[in-house]
Amino acid sequence: MPDRQLLLLRHAKAEIGTSGMRDIERPLAARGRSAAERMGRYLAEHDLPPDLVLCSPARRTRETWEIARPTLPAVETRVLESLYDFGDGAALLETAQREGGTARRILLVTHNPATQQLALQLSGSGDMDLRRQMAEKYPTAGLAVITLPGAEWATTTPGSGRLEAFIRPKDLAES
C-alpha cells in the first residue's frame with residue numbers, strides 16, 4: 001500500500017486583535033504574509049503539493065493558505081469549522097480521517113496548540129533533532145511533513161507517522 005503524507009501548517013503571524021474584534025477575524029501581520037509566501041515556495045520547491053487542503057475558517061488561516069497557494073497547482077480547499085480548534089489535536093485528526101478520502105497528501109492549515117500536539121502525537125519516528133525542535137516550539141507558519149503508512153486516513157493512529165521535515169520560517173530565506 002502506498003504511504004500518505006499529512007502536512008501540518010500553523011497559520012502565519014497574525015495581528016493582535018483590536019477592541020471588539022473577534023479572534024476568528026484577526027488578519028495576518030506583514031511578517032505573517034512574508035512567512036506564508038516562503039512556506040508556499042518551500043512546498044513548491046520540495047515537490048509537496050497537497051491533493052486536498054483542509055483549512056480553519058479563521059481569517060488568519062485562510063489568508064495563510066491564499067498567500068501560500070499561488071506557487072502550487074490548483075487544489076480543492078475545504079474550510080471546516082472543526083479545524084478552528086485550540087485543543088489537543090484530536091479534532092484535527094478526526095477531521096483528516098473523515099475528510100481525507102482518496103487524497104495521498106493533505107495539508108491542514110490550523111492553530112496551536114492543536115497543530116503541535118497532533119504533529120507530536122503522530123510522529124512516532126523520524127529525525128530526533130527535528131522532533132525536539134517541534135516539541136520546544138511550533139512557531140507561526142511552521143510546517144511539519146509526516147509520512148503515514150497505508151492507504152486509509154481512517155486508520156491513522158498516534159505514533160504511526162514518521163516526521164520527514166519540520167520547517168520554520170526562520171529556516172527559509174526571504175525573497
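## A buried tyrosine, a pocket and some unusual backbone

At a relative accessibility of 11%, Y42 counts as buried, because that value falls under 20%. This residue belongs to helix α1, and the model in which it is described here is a predicted one. Once its neighbours within four places in sequence are left aside, Y42 is in contact with L48, L143, A165, I167 and L172. A quite separate relation is that of Y42 to T18, for these two residues are 24 residues apart in sequence and 32 Å apart in space, taken from C-alpha to C-alpha.

Another buried position is V53, whose relative accessible area is 0%, and which sits in strand β2, the run of residues 52-55. Not counting residues up to four places away in sequence, V53 touches W65, V75, E76, T77, R78, L107 and V109. With R105, which lies 52 residues away along the chain, V53 has a C-alpha separation of 8.8 Å.

The report now turns to the largest pocket, which has a volume of about 300 Å³. Its lining is made up of 13 residues, and of these K137, P139, T140, P169 and K170 lie nearest the centre of the pocket. Helix α1 (30-45) and helix α5 (128-136) each supply at least two residues of this lining, and α1, with three residues, gives the most. By character, the residues of the lining divide into eight charged, three nonpolar and two polar.

Aromatic side chains come next. The structure holds two aromatic pairs. In the pair formed by Y84 and F86, the ring centres are 5.1 Å apart and the planes stand at 80°, so the pair is edge-to-face, the angle being over 60 degrees. Y84 counts as partly exposed, with a relative accessibility of 25%, and F86 likewise counts as partly exposed, with a relative accessibility of 36%. A further ring, that of W153, has R4 lying over its face, at 4.6 Å from the ring centre.

Some features of the backbone also deserve a careful look. Most residues other than glycine have a negative phi, and most peptide bonds are trans. Against that background, N112 and P113 are joined by a cis peptide bond, with omega at about 5°, and P113 has its place in the loop between β4 (105-110) and α4 (114-122). Two residues that are not glycine have a positive phi, and the table sets them side by side.

| Residue | Phi | Place | Relative accessibility |
|---|---|---|---|
| D47 | about 50° | loop between α1 and β2 | 60%, exposed |
| A141 | about 65° | loop between α5 and β6 (143-148) | 0%, buried |

D47 counts as exposed because its relative accessibility of 60% is over 50%, whereas A141 counts as buried because its relative accessibility of 0% is under 20%. The loop that holds D47 runs between α1 and β2, and these elements have been met above, since Y42 lies in helix α1 and V53 lies in strand β2. The loop that holds A141 runs between α5 and β6, and α5 is one of the helices that supply at least two residues of the lining of the largest pocket.

How values were computed
Residues numbered from 1 in each chain as written. Predicted model: local features only at pLDDT ≥ 70, side-chain atom pairs only at ≥ 80, totals over all residues. Heavy atoms only, no water. Helix = DSSP H or I, 4+ residues; strand = E, 2+ residues; numbered from the N terminus. Buried < 20%, exposed > 50% of the residue type's maximum accessible area, 1.4 Å probe, protein only. Contact = heavy atoms within 4.5 Å. 1 Å grid on protein atoms, 1.4 Å probe; cavity = no way out; pocket = protein on both sides within 12 Å on 5 of 7 lines; lining within 4 Å. Points joined across faces, edges and corners; volume = space filled by probe spheres on them. Nonpolar A, V, L, I, M, F, W, Y, C, P; charged D, E, K, R; others polar. Phe/Tyr/Trp six-rings, centres within 6.5 Å; stacked < 30°, edge-to-face > 60°. Lys NZ or Arg CZ within 6 Å of the ring centre and 35° of its normal.
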